[in-house]
Amino acid sequence: MRTLLYPGSFDPMTMGHYDLIARACCLCDHLIVGVLHNPKKQTEQFTKEKRIALLKAGCAGFQNVTVRTFSGLLVDIVKQCGAQAIIRGLRTEADFAIESEMARLNKQIKGIDTVFLIASPEVIHISASRVREIGRLGGSLHGLVPDTIRDDIEKGLAKE
Ligand code: PNS
């Protein structure tokens, strides 16, 4: 069984994440979406539990997608969940710089490969940080996050 792990902060899930999940789940038997902590991001908007709930609702239409949370080193998590590779999305050259460094490190320390998908043109400009900013300032997130979870995200961001 071919299993891929899609790790990320997902704070919150966006249409960019949805695009990657929709495409990645066609490339494997089982796609595990792993909610992880990014040590470079000091503050998180949504709790881990809330991010998982949003992802589960946002991924409800995909039969072979599981959403879970993990802690620790990504390469250990890959082994732990029986995945063959990591999958990540790329939007910009800045993404490439960060992602290629992580991919090389993960390959070197545990022999784990990373597969990259280039974000679809319709979502390439969407980031979770911009979604948080727009939502906090009361803007509509229509088209930026999946419709099924938009209300929940808008309310969560407007609460502040
Ligand atoms: O969505 P993000 O914030 O870009 O995801 C980054 C993430 C969570 C995939 C990355 O920070 C990560 O892999 N964290 C786990 C800790 C780890 O293994 N760090 C070493 C990476 S080379």
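## Overall dimensions

The predicted model describes a chain of 160 residues whose radius of gyration is 15 Å. A compact globule with that number of residues would have a value near 15 Å, so the chain agrees with the expectation for such a globule. Computed along the principal axes of the model, the C-alpha trace spans about 45 × 30 × 30 Å.

Buried residues account for 47% of the 160 residues. The surface that the chain exposes comes to about 8,800 Å², and 54% of this area is supplied by carbon and sulfur atoms. As to charge, there are 21 positive and 18 negative side chains, and 5 Å separates the centres of the two sets.

## Secondary structure and contact pattern

The chain contains 6 helices and 5 strands. Followed along the sequence, these elements occur in the pattern β-α-β-α-β-α-β-α-β-α-α. Of the contacts in the chain with a separation of 6 or more, 74% are between residues 24 or more positions apart.

## Strand β1 and the loop that follows

Pro7 belongs to strand β1. This residue counts as buried because its relative accessibility is 4%, under the 20% cut-off. Apart from residues up to four places away in sequence, Pro7 touches Gly34, Leu36, Leu74, Ile86, Ile87 and Arg88. Between the C-alpha atoms of Pro7 and Ile124 the distance is 18 Å, with 117 residues of sequence separation.

The loop between β1 (3-8) and α1 holds Pro12, and Phe10 lies in the loop between β1 and α1 as well. Phe10 is not a glycine, yet it has a positive phi of about 50 degrees. With a relative accessibility of 3%, Phe10 is classed as buried. The peptide bond joining Asp11 and Pro12 is cis, with omega at about 5 degrees.

## Two buried cysteines in loops

Cys25 is placed in the loop between α1 (15-24) and β2 (30-35). Its relative accessibility of 9% makes Cys25 a buried residue. Beyond its neighbours within four places in sequence, Cys25 is in contact with Leu31, Phe62, Asn64 and Val65. From Cys25 to Val35, 10 residues apart along the chain, the C-alpha separation is 17 Å.

Cys59 occupies the loop between α2 (48-58) and β3 (65-69). Cys59 also counts as buried, at 4% relative accessibility. When residues up to four places away in sequence are set aside, Cys59 touches Met13, Ile21 and Val65. Val65 is thus among the contacts of Cys59 and among those of Cys25. Cys59 and Ala22 are 37 residues apart in sequence, while their C-alpha atoms are 8.6 Å apart in space.

## Helix α4 and strand β5

Helix α4 covers residues 93-110 and includes Ser100. Ser100 has a relative accessibility of 10% and is therefore counted as buried, the limit being 20%. A polar contact links the side chain of Ser100 to the backbone oxygen of Ala97, at 3.3 Å.

Glu99 is a further residue of helix α4. Although Glu carries a charge in the counting used here, Glu99 is buried, with 7% relative accessibility. Outside its neighbours within four places in sequence, Glu99 is in contact with Arg88, Gly89, Leu90 and Phe116.

Phe116 lies in strand β5, which comprises residues 113-118. Because its relative accessibility is 28%, Phe116 falls between the limits of 20% and 50% and counts as partly exposed. Leaving out neighbours within four places in sequence, the contacts of Phe116 are Arg88, Leu90, Glu99 and Ala103. Arg88 and Leu90 are therefore in contact with Phe116 and, in addition, with Glu99. Arg88 also appears among the residues touched by Pro7. The C-alpha atoms of Phe116 and Phe46 are separated by 26 Å, and the two residues are 70 positions apart along the chain.

Notes. Residues numbered from 1 in each chain as written. Predicted model: local features only at pLDDT ≥ 70, side-chain atom pairs only at ≥ 80, totals over all residues. Heavy atoms only, no water. Helix = DSSP H or I, 4+ residues; strand = E, 2+ residues; numbered from the N terminus. Buried < 20%, exposed > 50% of the residue type's maximum accessible area, 1.4 Å probe, protein only. Polar contact = N/O pair within 3.5 Å; in protein donor to acceptor, adjacent residues only side chain to side chain. Rg over C-alpha atoms; globule rule 2.2 N^0.38 Å. Contact = heavy atoms within 4.5 Å. Areas by Shrake-Rupley, 256 points an atom, 1.4 Å probe, with all protein chains shown as cover. Charge placed at Lys NZ, Arg CZ, Asp CG, Glu CD.
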